[in-house]
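Biologist: Hi, have you got a minute to walk me through this one? I'd like to pick out a few spots and chat about them.

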Amino acid sequence: MSALTAAADTTLAKPTNNTTGQPINGDSTVMEGDVGWPASLRLNAHAVIFSLATILALATAAECRSITYLPSLQYGAVHWLWWGCLASGMWRLSKRLRFASSFSPKVISIQLFVGSVLGVAHLMLLGSLGFTDPGWPTHASALAIWTSMLTINRFGMEVLLYGFLFGIIGVVQFQIRAQQDALKSIELQKQLSTAHLRALQMQMEPHFLFNTLNAITTLVEFGRQKEALATLSHLNAILRSTLQRTTPEKVPLSQELEMMENYLAIEQVRFADRLRIEIKVEPGALEGLVPCFLLQPIVENAIRHGIANCESEGLVEASARRDGSMLLLQVRDSGGGLRAPRQNGHGIGLKNTRERLAHFYRDTYSMTAQPVASGGFEVAIAIPYERR
């Protein structure tokens, strides 16, 4: 049992991916800053920004005079590449500092101040292009050249453009973060579901194992070595099949029935002539997928709470058939039925079975577990029919 416990602890500590079977690294989730962002996203954002800035710079140069006329090209480049560099820096900063792209009153006030300062700096930079004219000293003073572009209208346009960039980048970053948070939440739920499902499976397997070992001990005490060896052989088959699964998965019904038959063979040794078994399975249902270790706990409950209380022969019936898009499974015993005292939830097996069905099928399954009027107890399960 120490080996099983260690295996369970390892599985819970490092959940695995259901598709690849590889451990899920908790450090691989999306992080703030460039480290957690895909390289393609970072490169594409900057490429789009500078491509747009270059196009606008050329269009402005062509409107002024010509893209081959150096002063026009200088004006267009300084006018729009400034905004390209500014947008690129704002994009990078907003990824590293989440609050930089938020729309809180404090951040908006800070951005308004920064936009005003940068607007004045940009207009003065545009004005400095006047110094490229060799005869500028004869036309105006240096101060007049620096402030030649600094007008109310131009300043207002600078602030508006800065606000537009801030708003667009903020909205885009908000959408990206929302998608990343959703993906992170889905990944976390997947890890928790995998760990929870594995815990349920490991909870059931020791439960069955302890019962079987107790039965073998009883057989040995009564000198029934042949039956004990046969029981150990069936237990070995069950454990081999169980321990081969590294993660909870669905298996064909034929494989699940094989495990159930090994279990029933063990119980038949225990109860001898007191237990009669009937299994009716339609051929079309054998290829249907079911959650692993689904039927054994149900049959175990039927024997434990039904047949074990019978003084005479008891019957356990198991059937499976396909009904259109659904796979119908049924286990019934001839125990005390309504007269037999039963625990709420019918033991750990049925409780875990419900939780596992809910994990795999959510709202597309049904499970009933109730006494029948003619005597005995019946568990009926309907799940979507799936094939590999």
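Biologist: Let's start with Phe-360: is it buried or partly exposed?

Modeller: Happy to help, and do keep in mind that this is a predicted model. Phe-360 has a relative accessible area of 21%, so it counts as partly exposed. The cut-off for buried is under 20%.

Biologist: And how does Tyr-361 count, buried or exposed?

Modeller: Buried, because Tyr-361 has a relative accessibility of 4%. Phe-360 and Tyr-361 also form an aromatic pair, with 6.2 Å from centre to centre and 50° between the planes, and that pair is tilted.

Biologist: How many aromatic pairs turn up in the whole structure?

Modeller: A search finds 2. Besides the tilted pair of Phe-360 and Tyr-361, there is Phe-103 with Phe-166: their ring centres are 5.4 Å apart and the planes sit at 65°, so this pair is edge-to-face.

Biologist: Where do Phe-103 and Phe-166 lie?

Modeller: Phe-103 is in the loop between α3 (70-96) and α4 (105-127), while Phe-166 belongs to helix α7 (residues 152-221), so the pair ties together parts that are 63 residues apart in sequence. Phe-103 is partly exposed at 43% relative accessibility, whereas Phe-166 is buried at 10%.

Biologist: Which charged residues lie over a Tyr face?

Modeller: Arg-65 lies over the face of Tyr-69, 4.1 Å from the ring centre. Arg-322 does so over Tyr-385, at 4.0 Å from the ring centre.

Biologist: Switching topic, what does Lys-250 touch?

Modeller: Leaving out residues up to four places away in sequence, Lys-250 touches Leu-289, Val-290, Pro-291, Cys-292, Phe-360, Tyr-361, Glu-386 and Arg-388. So both rings of the tilted pair are on that list.

Biologist: Which side chain makes a polar contact with the side chain of Lys-250?

Modeller: That is Glu-386, at 2.8 Å. Lys-250 itself is placed in strand β1 (residues 250-252).

Biologist: OK, what about the nonpolar cores? How many residues has the largest one?

Modeller: It has 44 residues, and those with the most contacts inside it include Leu-253, Val-290, Val-299 and Ile-381. Helix α9 (residues 253-271) gives the most to this core, with 9 residues. Apart from it lies another core of 15 residues, among them Trp-83, Ala-87, Val-107 and Ile-176.

Biologist: And what does Ile-381 touch?

Modeller: Not counting residues up to four places away in sequence, the contacts of Ile-381 include Leu-294, Ile-298, Leu-329, Thr-353 and Met-367.

Biologist: One more spot: where is Ser-128?

Modeller: Ser-128 is in the loop between α4 and α5 (136-139). With a relative accessible area of 15%, Ser-128 is buried. A polar atom of its side chain lies 2.5 Å from the backbone oxygen of Leu-125.

Biologist: Which residues does Ser-128 touch further along?

Modeller: Setting aside residues up to four places away in sequence, Ser-128 touches Ile-145 and Trp-146. Ser-128 and Ile-145 are 17 residues apart in sequence and 6.3 Å apart in space, C-alpha to C-alpha.

Biologist: Last thing, what does the secondary structure of the protein chain come to?

Modeller: There are 11 helices and 7 strands. Of the 388 residues in the protein chain, 40% count as buried. The chain exposes about 21,300 Å², with carbon and sulfur atoms supplying 61% of that. Among contacts between residues at least 6 apart in sequence, 74% join residues at least 24 apart.

Note on methods: Residues numbered from 1 in each chain as written. Predicted model: local features only at pLDDT ≥ 70, side-chain atom pairs only at ≥ 80, totals over all residues. Heavy atoms only, no water. Helix = DSSP H or I, 4+ residues; strand = E, 2+ residues; numbered from the N terminus. Polar contact = N/O pair within 3.5 Å; in protein donor to acceptor, adjacent residues only side chain to side chain. Contact = heavy atoms within 4.5 Å. Core = buried A, V, L, I, M, F, W, Y, C linked by side-chain atoms within 4.5 Å. Buried < 20%, exposed > 50% of the residue type's maximum accessible area, 1.4 Å probe, protein only. Phe/Tyr/Trp six-rings, centres within 6.5 Å; stacked < 30°, edge-to-face > 60°. Lys NZ or Arg CZ within 6 Å of the ring centre and 35° of its normal. Areas by Shrake-Rupley, 256 points an atom, 1.4 Å probe, with all protein chains shown as cover.
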